[in-house]
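Student: I am new to this structure and would like a close look at a single part of it. Please start from one residue and work outward.

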Amino acid sequence: MSEEKLKILQMIQDGKISATEGMELLKALDEAEPGETSGLANLNGRFFRVRISAEGNTKVNVNVPLKLLKAVSKFANFGMGFIPPEAKEELNRKGIDLSQIDVEELVRMIEEGLIDCKLVDIDVNDPEKGPVKVEVYVD
């Protein structure tokens with residue numbers, strides 16, 4: 001069984017997504033277009049990551065396999081549902097709205113090798129929490 005399918009099943013088991021959502025994701029993985037397989041090879045083992053650190057501790061840590069991101073890029077709003085509400089709130093407080101990202105375009109650019117760095121790297125001095133670091137990157 002593929003790593004992506006196992007991750008989806010684990011998210012169902014952990015209660016992060018419903019069984020129905022998991023089935024839709026598994027179906028999307030199975031329906032990957034045949035002509036896209038060469039691009040998928042470039043995505044193996046790579047992740048789209050969002051990290052927010054404050055007070056020396058990681059507060060938000062979101063890791064989405066790029067192959068999964070590609071499979072769900074046509075369902076971008078659905079894919080954003082994987083991000084925990086508290087993470088979305090923290091990002092919104094810092095002025096970052098992930099729903100504005102064109103996921104299909106992002107994946108295309110990653111496949112073509114145009115993006116291989118940090119997409120967002122923000123250091124903020126929050127009056128309550130002290131230094132806060134926000135990173136969105138691909139690795």
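Tutor: The residue to start from is D121, which lies in strand β3, residues 118-126. Strands here are DSSP runs of E with at least two residues, helices are runs of H or I with at least four, and both are numbered from the N terminus. The model is predicted, so local features need pLDDT of at least 70 and side-chain atom pairs count only at pLDDT 80 or more, while totals for chains, interfaces and linings use all residues. Residues are numbered from 1 along each chain as its sequence is written, and side-chain values use heavy atoms, with hydrogens and water left out.

D121 has a relative accessibility of 43%, so it counts as partly exposed. Buried means under 20% relative accessible area, exposed means over 50%, and partly exposed is in between, using a 1.4 Å probe and protein chains only. Leaving aside residues up to four places away in sequence, D121 touches K133, V134 and E135; a contact means heavy atoms within 4.5 Å. With K133, the side chain of D121 makes a polar contact of 2.9 Å. A polar contact is a pair of N or O atoms within 3.5 Å; within protein, one must be able to donate a hydrogen and the other to accept it, and residues adjacent in sequence count only if both atoms are side-chain atoms.

E135 is 14 residues from D121 in sequence, yet their C-alpha atoms are 4.6 Å apart in space. E135 sits in strand β4. Its relative accessible area is 14%, so E135 is buried. Its side chain and that of K118 are joined by a polar contact of 2.5 Å. Again not counting residues up to four places away in sequence, E135 touches R49, V50, R51, K118, V120 and D121.

The strands themselves come next. β3 and β4 run antiparallel and are joined by 8 bridges; two strands pair if DSSP finds at least two bridges between them. One position along this pairing is N125, which stands opposite P131 in β4. A hairpin of 3 residues leads from β3 to β4. β4 also runs antiparallel to strand β1, residues 47-54, with 7 bridges between them. There, F48 stands opposite V138 in β4. Strand β4 covers residues 130-138, and 7 of its 9 residues are buried, so the strand is largely enclosed by the rest of the structure.

Now for the wider setting. The protein has 7 helices and 4 strands, in the order α-α-α-β-β-α-α-α-α-β-β from the N terminus. Of its 139 residues, 40% count as buried. Among contacts with a separation of 6 or more, 55% are between residues 24 or more positions apart.

Two helical sites complete the picture. A87 is in helix α6, residues 85-93, and at 2% relative accessibility it counts as buried. The C-alpha atoms of A87 and I52 are separated by 8.5 Å, with the two positions 35 residues apart along the chain counted as their separation. At the other site, E4, K5, I8, L9 and I12 in α1 meet A19, G22, L25, L26, L29 and D30 in α2.
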